[in-house]
Amino acid sequence: MPAATAPRRTRTCWRRWFSRAFYTGIKLAPRAADVFLVAVSQTPEYEFMQSLYYRSTILLVAQADEHTTLLKEQLEKDCEVLHVQALPTREEWSHLENDLLIMRIDKESYMAHLSTVEHDMRLEDIPSIVVSINKSKLIETHCLKAGSRDFIALPADEDILRARVQNTLRLQARLRRLSALAIVDETTRLPNKRYFREYLDRELGRAVRAQRPISLLAADILGLPELRTGRGAAVAERCLQAAAKGVERCLQRSSDFACRYVGDKFILVLPETDEPGAAVVVGRLYEALTDALSDASPPESGFPLRALIGGKTVVPERGARASVLIRAALEQLHADDARETPSTEEIAAAG
Ligand SMILES: Nc1nc2c(ncn2[C@@H]2O[C@H](COP(=O)(O)OP(=O)(O)OP(=O)(O)O)[C@@H](O)[C@H]2O)c(=O)[nH]1
């Protein structure tokens, strides 16, 4: 889930330090390295939602010494631990989905890195814990001020270490759950416009870099304002929910995305999908919305509903803007080739 609601404090020096390390290729030779990193790899979002307790995978980046060995053994009681001796490369890092960084900082001189490095989006959702064999008050204070969630002196008492790591993971899981609530539209349970914009920015960037097509479909449910006025908000809400379920049903790739955009409009994002491919999904959406609306709004209600569907496919150039693509997709709702489902009344009349 997105990082939009991640507390700003976590986007501080640790992330900056790591970021610079990745961008400039700083390698901490194991012998010279007083900074170590433990990354707890992420379980999928839905598992976070289902339970605050889970088994994580830990990436431990540390020189092989007796402290690391002990730390690894202790962490392995709750988590899987992958031990490596150098910071991951930028490429490797992009494949890691971390829940937690545990960094070992033994020398004050390493703290100099902290203030010089820029913040890295990839780490903004990841809490960090610092561990150290040096009980320096300066290091501890600096790390905590820099946004580290905890500081643990090594060697650590096993029970205390495990409890503190679990606490950090649980807190992070709660934050993620709250973040999720902030990005979901309450009526339809689809992602809301805010999350959609973040998602689209990311996908558009990816499409620009890879020079691959991306399609946006827009769907507008017509007739809901009248239904709202005539039969009440609750009835109209149920119809909108049914439409949202229809929208959701027609997405079959895990990379596809649908949101409630504004009012009675939905937007679907289909990465890696060209125009003929998008047309296949438009066809599916047409069927899904026709069925959903005719089930949800009985013809005798006197308020016929129908859906308009339009879409836009681009292979975006450098500098392409999400807002322009969204506008183009919405404009297609009024283009000649926009698809319009039969109204619920027409369906009823046709038997
Ligand atoms: N993004 C997206 N594209 C789809 C979807 N379904 C079909 N398409 C597009 O339509 C094309 C033809 O779809 P299908 O006839 O289902 O063939 P397919 O090759 O089995 O589809 P995929 O396994 O999804 O690649 C695909 O190559 C896609 O471009 C979908 O759910 N999402």
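## The aromatic cluster

Y199 is a good place to start: with a relative accessible area of 9%, this residue is buried. This is a predicted model, and Y199 takes part in one of its ring pairs. There are four aromatic pairs in the structure. Y199 and F257 make up a stacked one, with 4.1 Å from centre to centre and 10° between the planes. That pair ties together distant parts of the chain, since Y199 belongs to helix 7 (residues 193-210) and F257 to strand 8 (residues 257-260), 58 residues apart.

F257 is buried too, because its relative accessibility is 7% and the cut-off for buried is under 20%. Ring pairs also carry the network further, joining Y195, F196, Y199, F257 and Y261 into a cluster.

## The protein as a whole

Stepping back, the protein has twelve helices and eleven strands. Of its 351 residues, 49% are buried. Take the contacts with a separation of 6 or more, and 73% of them are between residues 24 or more positions apart.

## Helix 3

Now for helix 3, which covers residues 66-75 and has T68, L71, Q74 and L75 buried. Looking down the helix axis, those buried residues fall within an arc of 130°, so they line one face of helix 3.

The N-terminal end of helix 3 has a cap, and the residue doing the job is D65. One of the side-chain oxygens of D65 lies 3.1 Å from the backbone nitrogen of H67.

## Helix 10 and what covers it

Helix 10 spans residues 275-296, which makes 22 residues. From first C-alpha to last, helix 10 reaches 31 Å, close to the 32 Å expected at 1.5 Å a residue. At its start, a side-chain oxygen of D274 comes to within 2.9 Å of the backbone nitrogen of G277.

Plenty of names turn up on the buried list for helix 10, including A278, V281, V282, L285, Y286, A288 and L289. T290, A292 and L293 are also buried there. The elements covering these buried residues include three strands from the list, namely strand 7 (214-222), strand 9 and strand 10 (306-314). Strand 11 (339-340), helix 9 (233-249) and helix 12 (344-350) are also among the elements that cover them.

Y286 has a further partner: the charged end of R339 sits over the ring of Y286, 4.2 Å from the ring centre.

## Two buried loop residues

D264 is in the loop between strand 8 and strand 9 (265-271). For a charged side chain, the obvious thing to ask is whether D264 is buried or exposed. D264 counts as buried, with a relative accessibility of 11%. Setting aside residues up to four places away in sequence, D264 touches A219, D220, I221, L224, P225, R228 and L240.

G223 sits in another loop, the one between strand 7 and helix 8 (224-231). At 16% relative accessibility, G223 is buried as well. Outside its neighbours within four places in sequence, G223 is in contact with P304 and L305. G223 and S343 are 120 residues apart in sequence, yet their C-alpha atoms are 9.2 Å apart in space.

Technical notes. Residues are numbered from 1 along each chain as its sequence is written. This is a predicted model: local features need pLDDT of at least 70, side-chain atom pairs count only at pLDDT 80 or more; totals for chains, interfaces and linings use all residues. Side-chain values use heavy atoms; hydrogens and water are left out. Buried means under 20% relative accessible area, exposed over 50%, partly exposed in between (1.4 Å probe, protein chains only). Helices (H or I, at least four residues) and strands (E, at least two) are DSSP runs, numbered from the N terminus. The arc is that of the directions from the helix axis to the C-beta atoms. A polar contact is a pair of N or O atoms within 3.5 Å; within protein, one must be able to donate a hydrogen and the other to accept it, and residues adjacent in sequence count only if both atoms are side-chain atoms. Rings of Phe, Tyr and Trp (its six-membered ring) pair if their centres lie within 6.5 Å; planes under 30 degrees apart count as stacked, over 60 as edge-to-face and the rest as tilted. A charge sits over a ring if NZ of Lys or CZ of Arg is within 6 Å of the ring centre and within 35 degrees of the ring normal. Contact means heavy atoms within 4.5 Å. The expected span of a helix is 1.5 Å times one less than its number of residues.
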